[in-house]
Amino acid sequence: MGTRPRTSSRKPGAAARDPYWEVVQQQWPFIIMLHRQYADEKPVMLFDIQEQRVYALPYKAYRAELSERSQTSLTHQYERAITDGHIVVFVRDNKKKKLVSYSLPSEG
């Protein structure tokens with residue numbers, strides 16, 4: 001526990017263009033700890049920037065809250081993540097109206 005995510009679906013150098021990647025790295029110990037608590041449920045993880053909180057959300061319930069386009073995208077990402085032994089992590093920034101996702105190894 002406490003190791004930082006080593007890989008993502010992002011290209012090398014993306015961190016310079018992606019301010020949310022640093023947020024994921026900072027919150028990783030909390031994200032992975034909470035994910036392990038609910039691992040049997042295979043949750044989607046969410047970090048809310050304004051609330052400064054990590055959530056483990058049921059996949060189907062979270063998916064239902066998204067637009068049709070986002071539902072399709074999440075379905076593909078989630079299924080691939082589960083197959084690869086990864087977890088899906090979202091960062092939500094309501095102030096900037098941004099929602100970004102990452103697929104990251106659950107073990108490190």
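## Exercises on strands and cores

β1 and β3 pair in the parallel sense, over four bridges. The model behind these exercises is predicted.

**Exercise 1.** Find which residue of β3 is the bridge partner of Phe 47.

Solution.
- Start from the pairing of β1 (44-48) with β3, which is parallel.
- Look along β3 for the partner of Phe 47: the residue is Val 91.

**Exercise 2.** Work out how β3 and β4 run relative to each other, parallel or antiparallel, and how many bridges join them.

Solution.
- Locate the strands: β3 covers residues 86-93, and β4 covers residues 98-105.
- Count the bridges: eight join the two strands, which run antiparallel.
- Check two pairs. Val 88 has Ser 103 as its bridge partner in β4. Val 89 has Tyr 102.
- Inspect the turn. The hairpin has four residues between the strands, and Lys 97 takes a positive phi near 55° there.

**Exercise 3.** Decide whether β3 and β4 are largely enclosed or not, and say why.

Solution.
- Take β3. Six of its eight residues are buried, so the rest of the structure largely encloses this strand.
- Take β4. Here too six of the eight residues are buried, so β4 is largely enclosed as well.

**Exercise 4.** Identify the residues with the most contacts inside the largest nonpolar core, and the elements that give two or more residues to it.

Solution.
- The largest nonpolar core has 18 residues.
- Those with the most contacts inside it are Val 24, Trp 28, Val 89, Val 91 and Tyr 102.
- The elements giving two or more residues are α2 (19-37), β1, β3 and β4.
- α2 gives the most, with eight residues.
- Now look for a second, separate core. It has eleven residues, including Leu 74, Tyr 78, Val 88 and Phe 90.
- Compare the lists. Val 89 and Val 91 belong to the largest core, whereas Val 88 and Phe 90 belong to the second.
- A general rule helps here: side chains in a regular strand alternate between the two faces of the sheet.

**Exercise 5.** Is Thr 75 buried or exposed, and what is it in contact with beyond its neighbours within four places in sequence?

Solution.
- Place the residue: Thr 75 is in helix α4, residues 68-84.
- Read its relative accessible area, which is 15%. Buried means under 20%, so Thr 75 is buried.
- Set aside neighbours within four places in sequence. Thr 75 is then in contact with Tyr 59 and Arg 63.

Technical notes
Residues are numbered from 1 along each chain as its sequence is written. This is a predicted model: local features need pLDDT of at least 70, side-chain atom pairs count only at pLDDT 80 or more; totals for chains, interfaces and linings use all residues. Side-chain values use heavy atoms; hydrogens and water are left out. Buried means under 20% relative accessible area, exposed over 50%, partly exposed in between (1.4 Å probe, protein chains only). Two strands pair if DSSP finds at least two bridges between them. A nonpolar core is a set of buried Ala, Val, Leu, Ile, Met, Phe, Trp, Tyr and Cys residues joined through side-chain atoms within 4.5 Å. Contact means heavy atoms within 4.5 Å.
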